[in-house]
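Please look at the model below with its strands in view. The paragraphs that follow take up a sheet and then a pocket.

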Amino acid sequence: MTLSETRKAKLILLLLMLISSLFILGCSTHGKEDEEDVRYEFCPGRYFISASEAHNMLYYAVNQSSISGGVKDPNGEIIHGSGFQGPVNASDDNGGMWIADGFYDTDNTNYNEGIYTLYFSIKSGNYETKREMIWTDFPTWKSTPDINTSSANTPSRMVYADASGITTDDNTANYDIYYRIKVYVAGLTASKLFGQSKAQKGSNNLTYTLPRVSSSIKLVPVLVCEMYQNNKIQKILYYPGTAFTYNP
């Protein structure tokens, strides 16, 4: 093989390696969301204004990024404002999947207990599930959580949360209890998840590194307590912090 042919062969090999690398990166970016592996959460929750004052809320989340849908009340009426907003980031502990995450704060609504319906459409089809919502025997927070965003606009891009956790009694004994930080885009009718930390047992020293953004955005950090049975969230508690502006 001549010197010219050797150089040509090396160039072709280099191009093939580059194309393969791009293909692999593309698969790792887009292949994490399995359209056939559809998972969801749908449960009653409490949205706290202070450590002891709270409003009922509905929590629902689906592990797909392209989604439409909402919640129907026990009379079969669509609840205004219950639609999904696509998530901003895939920062969570579900293998990097996107989470279309929704909740509806009932500040001005007195929901009746009964059978509620979550319905949604994704690429693989239409789905519907029903859940009886009861807002009794919920714990409260032992004290006001400390949610600190002072480092959000520093090179660390960190959000911190620290709390003494929720009160525990006979009503919480049968649950596996996890805490996490969620961050939502502020000022929207339906919630839009910006990102979330990994769930962990214990509410002390929770941290979340904010993803980089290309322009300023106003965010709301939330300390969340998830109460699990049989690997599903049965009850959930939200405690929002103060909204802040996140600058890239």
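Which residue of strand 11 does Ala-161 stand opposite? In this predicted model, the residue that Ala-161 faces in strand 11 is Leu-206. Strand 11 is joined by four bridges to strand 8, which covers residues 158-162, and strands 8 and 11 run antiparallel.

Strands 8 and 11 can then be placed in their wider setting, an open sheet of three strands whose order is 7-8-11 and whose pairing is antiparallel. The edges of this sheet are formed by strand 7, residues 146-148, and by strand 11, residues 206-209, each of which pairs on one side only. When direction is ignored, neighbouring strands in the sheet are turned against each other by 10° on average.

From the sheet we turn to the second largest pocket, which holds about 260 Å³ of space. The lining of this pocket consists of 16 residues, and those closest to the pocket centre are Tyr-47, Phe-103, Leu-188, Thr-189 and Ser-191. Two or more lining residues come from each of strand 4 (100-105), strand 9 (176-185) and strand 12 (217-229), and it is strand 4 that supplies the largest share, with three residues.

What classes of residue make up the lining of the second largest pocket? Sorted by class, the lining has ten nonpolar residues, together with five polar residues and one charged residue.

Terms used:
Residues numbered from 1 in each chain as written. Predicted model: local features only at pLDDT ≥ 70, side-chain atom pairs only at ≥ 80, totals over all residues. Heavy atoms only, no water. 1 Å grid on protein atoms, 1.4 Å probe; cavity = no way out; pocket = protein on both sides within 12 Å on 5 of 7 lines; lining within 4 Å. Points joined across faces, edges and corners; volume = space filled by probe spheres on them. Nonpolar A, V, L, I, M, F, W, Y, C, P; charged D, E, K, R; others polar. Pairing = 2+ DSSP bridges. Axes fitted to C-alpha atoms, helices over the stretch in contact; angles between N-to-C directions.
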